[in-house]
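Here is a small set of exercises to work through with the sequence and the 3D view side by side. Try each task before you read its solution.

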Amino acid sequence: MADSIESERDLRDEKLNSLKRLAYGASHEINNPLANIASRAQALLVGETDPDRRHELATIYAQAMRGHEMIADLMLFARPPQPQLSQCQLSVVAKDAVGQMLPVAQQQETELKLITTEHDTNLTADANLITLAACALIRNALEALKSGGKVEVTLATDDEVATIAVQDDGPGIPDDQAEIVFDPFHSGREAGRGLGFGLTKCWTIAQAHGGDTYVDTAYGPGARIVLEIPLSPKATSESE
């Protein structure tokens, strides 16, 4: 059973690495035309006095910038930054992520709770990137719930890895979706998940640290996604 799970993760990682190469090429080609559209719309907007045309130009500019943000997420997936490793505390990183996502949770009346360990864990990692990954997991859980419910962020550690697990009491993730929820552009609407690159971003950051992220299919009802980061540096050279 363990060998089967490991094999599925290897297959998933191989597939995502192939998508990463495709994403880099596509991002590079699309980014320049988008920047050109945005700058021209912005320039025309400055001298335009007709309200209807101003509205149209503003819409063009906003959509171009939205596309640019998606390209930025794709580039993070395709060519993630090399982690800036330093000593950090797991609880500090997790508290930062929970604090950043708390306003979103409060707005939709979802209980967001952090469960720490008795003894804090020191690890060597890029705290900013780990916080970004944890925020992506929490956001994914909040989008699954939409309103109400509960999200728990649980910390754990063993001799080799520090773990941040985010679980919710939402609709859960079907077993046949567990390996593809990390794919870029994967639509989880059927399972109540949001669109975007959140889980892809989490996978990318885990890989950059030599770690892993996966759906805990044994958990339920609801969903539980686990981020594992090695205590010792295992940063890869993914920035090809």
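The exercises below go from the whole chain down to single residues.

The model is a predicted one, in which local features need pLDDT of at least 70 and side-chain atom pairs count only at pLDDT 80 or more, while totals for chains, interfaces and linings use all residues. Residues are numbered from 1 along each chain as its sequence is written, and side-chain values use heavy atoms, with hydrogens and water left out.

**Exercise 1. The chain as a whole**

Task: Work out how many helices and strands the chain has, and in what pattern they follow.

Solution. Step one is to count: there are five helices and seven strands. Both are DSSP runs numbered from the N terminus, helices being H or I over at least four residues and strands E over at least two. Step two is to read along the sequence, which gives α-α-β-α-β-β-α-β-β-α-β-β.

Step three turns to the surface. Of the 240 residues, 45% are buried; buried means under 20% relative accessible area, exposed over 50%, and partly exposed in between (1.4 Å probe, protein chains only). The accessible surface is about 12800 Å², with 51% of it belonging to carbon and sulfur atoms. These areas come from the Shrake-Rupley method with a 1.4 Å probe, and for residues only the protein chains shown count as cover.

Step four looks at contacts, meaning heavy atoms within 4.5 Å. Among contacts with a separation of 6 or more, 75% join residues 24 or more positions apart.

**Exercise 2. The nonpolar core**

Task: Find where the largest nonpolar core lies, and which helix gives it the largest share.

Solution. A nonpolar core here is a set of buried Ala, Val, Leu, Ile, Met, Phe, Trp, Tyr and Cys residues joined through side-chain atoms within 4.5 Å. The largest one has 52 residues, and Leu112, Ile164 and Phe182 are among those with the most contacts inside it. Helix α4 (residues 127-145) gives the largest share of this core, ten residues. Domain 1 (1-78) and domain 2 (86-230) both contribute, so the core lies between them; the domain bounds come from an automatic or database domain assignment.

To see one core residue up close, select isoleucine 164. Leaving out residues up to four places away in sequence, isoleucine 164 touches ten residues, including Leu90, Ile130, Val153 and Leu227.

**Exercise 3. An enclosed helix**

Task: Decide whether helix α5 (residues 198-208) is largely enclosed or largely open.

Solution. Ten of the eleven residues of α5 are buried, so this helix is largely enclosed by the rest of the structure. The buried set includes Lys201, Trp203 and Gln207. Cysteine 202, also in that set, has 0% relative accessibility. Just after α5, glycine 210 takes a positive phi of about 75°.

**Exercise 4. Charged pairs**

Task: Find how many salt bridges the structure holds.

Solution. Side chains of opposite charge can pair when their charged atoms come close. The cut-off used here is a side-chain nitrogen of Lys or Arg within 4 Å of a carboxyl oxygen of Asp or Glu. A search of the whole structure gives three such pairs:

- Glutamate 48 and arginine 53 meet at 3.0 Å, N to O, and glutamate 48 is buried at 17% relative accessibility.
- Arginine 224 and aspartate 216 meet at 2.9 Å, N to O, and aspartate 216 is partly exposed at 22%.
- Glutamate 152 and lysine 150 have their closest N and O atoms 3.7 Å apart; lysine 150 is partly exposed at 32%.

**Exercise 5. Around glutamate 152**

Task: Say which strand holds glutamate 152 and which residues contact it.

Solution. Glutamate 152 sits in strand β4 (residues 150-157) and is buried, with a relative accessible area of 15%. Neighbours within four places in sequence aside, glutamate 152 is in contact with Lys113, Ile115, Ala165, Val166 and Gln167. Lysine 113 belongs to strand β2 (residues 111-115) and is partly exposed at 40%. The C-alpha atoms of lysine 113 and valine 166 are 9.8 Å apart, with their positions 53 residues apart along the chain.
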